[in-house]
Amino acid sequence: MASQPINLSDAQLDQLQAEFAEQGYVVLRNVIGQADRTGLVEQIRAAIEPLVGPAEFEADVGYPGAPVDRLAPGGKTPRRLLHAYARSAEFKALATHPQVAQVLGRFLAGSVCLSQCHHNCIMTKHPGFSSATLWHQDVRYWSYEHPELISAWFALGQETQQNGALWVIPGTHRLDFATQRLDEHLFLRPELAENQALIQKAEVVELQAGDVLLFHCRLMHAAGRNESETVKLSTVFTYHRQDNRPTAGTRSDRFPSIDMVADRP
Ligand SMILES: O=C(O)CCC(=O)C(=O)O
């Protein structure tokens, strides 16, 4: 990456760690410089048209607002380009960004690995055919010894309520949710009074291009559709401590994890 990463001081790391422990998320501002972002966005645009897979389509997930199937209008709208880490040296450098590595090393208190099984994608939220994502915890379908993983959401452009930025419910990474509070796909049931009380505490996380949102895998989050005129591009990677192993034979164990420091290009 062209931009020089800034090493954070112990005091800054302490403050971020305290905020993360309390809220379940923090935003690191202005981490990715403009030249790096421009290069990544050019690669993404070239991978959208013509499409360089593997990709997940909006029509595949069936979320609110998604085209009903791939033959419907907008049915070929990609939601995520998968395997972001393996796509290029520039995406590898993004995934192993030194400042993000420094903060994750502090939060996870040990050597950090990137999972190639979860997120590891470029979100391509298109105007017109994007869907809304209901309230959920990412860890619901992940299997590790400990539910202690952190995802990094790299904003490659501005993210606002209007173009479908993430919403979070601060502190929910510390709560246990009884199964009756969740639907069959493990989304929070918005019709329940106790869930409504929680949802009222939600906050939108608006990001500037180059910001990075770090959020805990148990943090309840959601997102709206892209109501703007332009596609919103973000890259998302998930990290775990090296000794927090995926359960053998599960989706979390399909591909090897990457050592965030040793494997930096
Ligand atoms: O951008 C969105 O629609 C939300 C994505 C999300 O929450 C997820 O992939 O876990």
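In this predicted model, strand β8 (residues 166-168) is joined to β9 by two bridges, and the two strands run antiparallel. Within β9, E203 is the residue that stands opposite V168. The pair belongs to an open sheet of four strands, ordered β6-β11-β8-β9, with antiparallel pairing. The edges of the sheet are taken by β6 (133-136) and β9 (203-204); each has a single partner strand, so one side of each has no neighbour in the sheet.

**Ligand shell**

Seen from the ligand, the surrounding residues are M123, K125, T133, D138, G164, H221 and A223. Two elements give two or more residues to this shell, namely β5 (121-125) and β11 (221-223). By residue class, the shell around the ligand holds two nonpolar, three polar and two charged residues. Strand β11 thus appears in two settings: as a contributor to the ligand shell and as a member of the open sheet, where β11 stands between β6 and β8 in the order.

**Helix packing**

Helix α1 (residues 10-23) packs against helix α5 (residues 98-108) at an angle of about 60°, and their axes are 10 Å apart. This angle makes α1 oblique to α5. The crossing in which α1 passes α5 is right-handed. On the α1 side the contact is made by L13, L16, Q17 and F20, and on the α5 side by V103, R106 and F107. Five residues of this contact are nonpolar, one is polar and one is charged.

**Backbone in the loops**

Two cis peptide bonds precede prolines, one from E49 to P50 and the other from G53 to P54. Where do these prolines lie? P50 is in the loop between α2 (34-48) and β2 (55-57), and P54 is likewise placed in the loop between α2 and β2. A further backbone feature concerns N30, a residue other than glycine whose phi is positive. N30 is found in the loop between β1 (25-28) and α2. The table lists the angles for these sites.

| Site | Angle | Loop |
|---|---|---|
| E49 to P50, cis | omega near -5° | between α2 and β2 |
| G53 to P54, cis | omega about 0° | between α2 and β2 |
| N30 | phi near 55° | between β1 and α2 |

Helix α2 therefore borders both loops in the table, with β1 named at the other end of the loop that holds N30 and β2 at the other end of the loop that holds P50.

Key:
Residues are numbered from 1 along each chain as its sequence is written. This is a predicted model: local features need pLDDT of at least 70, side-chain atom pairs count only at pLDDT 80 or more; totals for chains, interfaces and linings use all residues. Axes are lines fitted to C-alpha atoms, for helices over the stretch in contact, and angles run from 0 to 180 degrees between N-to-C directions. Angles under 35 degrees count as roughly parallel, over 145 as roughly antiparallel, 65 to 115 as roughly perpendicular and the rest as oblique. A crossing is left-handed if the near helix is turned anticlockwise from the far one by less than a right angle, and right-handed if clockwise. Two residues are in contact if their C-beta atoms, placed from the backbone, lie within 7 Å. Ala, Val, Leu, Ile, Met, Phe, Trp, Tyr, Cys and Pro count as nonpolar, Asp, Glu, Lys and Arg as charged, and the others, Gly among them, as polar. A residue is near a molecule or strand if its C-beta atom, placed from the backbone, lies within 6 Å of it. Two strands pair if DSSP finds at least two bridges between them.
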